[in-house]
Amino acid sequence: MAVALVALFAGARFGLMLLIGLGFGMALEGMRFGFAGPWRAMILRREPGGILAQLLAIGLVACAAFPLLAAHPGELGGAQAPVGWAMIGGAFVFGAAMQVVLGCGSGTLVNAGSGNPVGLLALPFFAIGSFAGAYHLLWWTGLGALPILTLQGTAGLVVTLAALALVAGVFWLLGAPGARRIPARYLVAAVLLAALAIANLVVAGQPWGVVYGLGLWAAKGAAALGADLSGSPYWAAPGSAERLGASLLTDYTSLTNFGMIAGAFGIAAWRRGGLAQPVPAYPARAWVAAIIAGLVLGYSSRLAFGCNVGAFFSGIATGSLHGWVWFIAAFAGAFAGIRIRALVGLEPRT
């Protein structure tokens, strides 16, 4: 019904985007798949299956995205961004913060939709942090950055697939004997996410993303409260100013974000017969850490030009070299985040 109403009042393309978002949420929650959890499994238990599935999904999207981008340069765009000091630092910090709350951008949306108390608490602060990071973005990028570097065409696709295979081989070799296979549900999730990401690119003309939509929600809230955003080169830019004045039902990223929350909600409610979950017995410092981590996730992801979805997944799949650098920096940060999560008391008590 929601898809039909959006299509009726905003347009068929926007209804399709909400439908695609619902698919993302249902696939992620239904297959219990994500980005933060598999990274944690690899670091702590040397189980590479989740990361291998992520790389498989990226490769499948790349096989469609590279030809599509080459054939329709004026209609479709990739997730391209420059590599710079702020981007690298932002990715490292994001990798740490996502392990604190066990959720990246898409993971926080899905966790909130499924009724996870930490996800519900972190989500609004993620949005606020994304808004603030965008507000200051040009200052950070002024610290120094390379030009945007991309792989394109058939040669770029071959290089991307070879690099994905090489990285997958390294993770497979580092995996613990007997724990190297990809679970069947992860394979299903990889195929579903790839199909939905390709649909996102075709329908919206842009790759799957998360962070911009969250920042836009907070920016619209700030503007509604009377805040003057003209002092920010980012939010005062013509494109952002137009988005601020338009309905969220015409913003592609917001629609897929709404859909992820709703899709996860539906699957979780169906699976458990309701969303009632006991509030974890975490110490007060754990809840404070979840709030801080939410803010840091939003702010750092804006500096890094995306989260696991917009930078890592979509960046690599559409040929942006910043996606590879983001992956290395964020994975390094995940080691620190796992330790921080334990220190602040967010690990279950045994």
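Start with the contacts across the whole chain: among those between residues at least 6 apart in sequence, 82% join residues at least 24 apart. Keep in mind that what you have open is a predicted model.

**Whole chain**

Switch to a cartoon view and colour by secondary structure. You'll get 17 helices and zero strands. The radius of gyration is 19 Å, close to the 20 Å that the globule rule gives for 350 residues, so the chain is as compact as a globular protein of that length. Put a box along the principal axes of the C-alpha trace and the spans come out at about 50 × 50 × 45 Å. Colour by accessibility next: buried residues make up 53% of the 350 residues.

**The largest pocket**

Select Arg32, Gly37, Leu102, Asn111 and Asn116. You are now at the largest pocket, which has a volume of about 880 Å³. Of the 34 residues in its lining, those five are the closest to its centre.

Now bring up the helices around the largest pocket. Helix 2 (12-30), helix 3 (36-45), helix 6 (105-113), helix 7 (117-135) and helix 10 (184-204) each supply at least two lining residues. Which of them gives the most to this lining? Highlight helix 3: with six residues, helix 3 is the top contributor.

If you're thinking about chemistry, colour the lining of the largest pocket by residue class. You should count 17 nonpolar, nine polar and eight charged residues.

**A stop on helix 6**

While helix 6 is on screen, pick Thr108, which lies in that helix. Is Thr108 buried or exposed? Its relative accessibility is 1%, and the cut-off for buried is under 20%, so Thr108 counts as buried. To see the company it keeps, show Gly103, Gly119, Ala122, Leu123, Phe126 and Leu297 as sticks: Thr108 touches each of these, leaving aside residues up to four places away in sequence.

**The second largest pocket**

Next, select Gln206, Tyr212, Tyr234, Thr253 and Arg302. The space here, in the second largest pocket, is about 670 Å³. Those five are the closest to the centre of this pocket, out of 23 residues that line it. Show helix 11 and helix 14 (252-272) as well, as these are the elements that give two or more residues to the lining. By class, the lining of the second largest pocket splits into 11 nonpolar, 10 polar and two charged residues.

**Helix 13**

Keep helix 11 on display and add helix 13, residues 238-245. Which residues of helix 13 are buried? Select Ser240, Arg243 and Leu244. They cover an arc of only 100° around the axis, which means that they sit on the same side of helix 13. Swing the view round to the other side and you'll find Pro238, Glu242 and Gly245 exposed. What covers the buried residues? Helix 11 (211-224) and helix 12 (233-236) are included in that cover.

**Closed spaces**

Now turn on a cavity display. Searching the whole structure at 30 Å³ or more gives three cavities.

The largest cavity holds about 50 Å³ of space. Select its lining: Val61, Ala65, Ala197, Leu201, Pro207, Trp208, Phe313, Ser314, Ala317 and Thr318. Helix 4 (49-71), helix 10 and helix 16 (308-317) each supply at least two of these residues, and helix 16 gives the most, with three. Colour this lining by class to find eight nonpolar residues, two polar and no charged.

Move on to the second largest cavity, with a volume of about 40 Å³. Around it, select Pro82, Val83, Gly84, Trp85, Ala86, Met87, Trp140, Thr141, Gly144, Ala145, Leu303 and Phe305. Helix 5 (85-101) and helix 8 (137-141) are the pair to highlight, each supplying at least two lining residues. Helix 5 gives the most to this cavity, with three. The class colouring shows nine nonpolar, three polar and no charged residues in the lining of the second largest cavity.

Note on methods
Residues are numbered from 1 along each chain as its sequence is written. This is a predicted model: local features need pLDDT of at least 70, side-chain atom pairs count only at pLDDT 80 or more; totals for chains, interfaces and linings use all residues. Side-chain values use heavy atoms; hydrogens and water are left out. Buried means under 20% relative accessible area, exposed over 50%, partly exposed in between (1.4 Å probe, protein chains only). Helices (H or I, at least four residues) and strands (E, at least two) are DSSP runs, numbered from the N terminus. The arc is that of the directions from the helix axis to the C-beta atoms. Contact means heavy atoms within 4.5 Å. On a 1 Å grid over the protein atoms alone, a cavity is a set of points where a 1.4 Å probe fits but cannot get out, and a pocket is an open set with protein on both sides within 12 Å along at least five of seven lines; lining residues have an atom within 4 Å of a point. Grid points are joined across faces, edges and corners, and a volume is the space filled by probe spheres set on the points. Ala, Val, Leu, Ile, Met, Phe, Trp, Tyr, Cys and Pro count as nonpolar, Asp, Glu, Lys and Arg as charged, and the others, Gly among them, as polar. The radius of gyration is taken over C-alpha atoms; the globule rule is 2.2 Å times the number of residues to the power 0.38.
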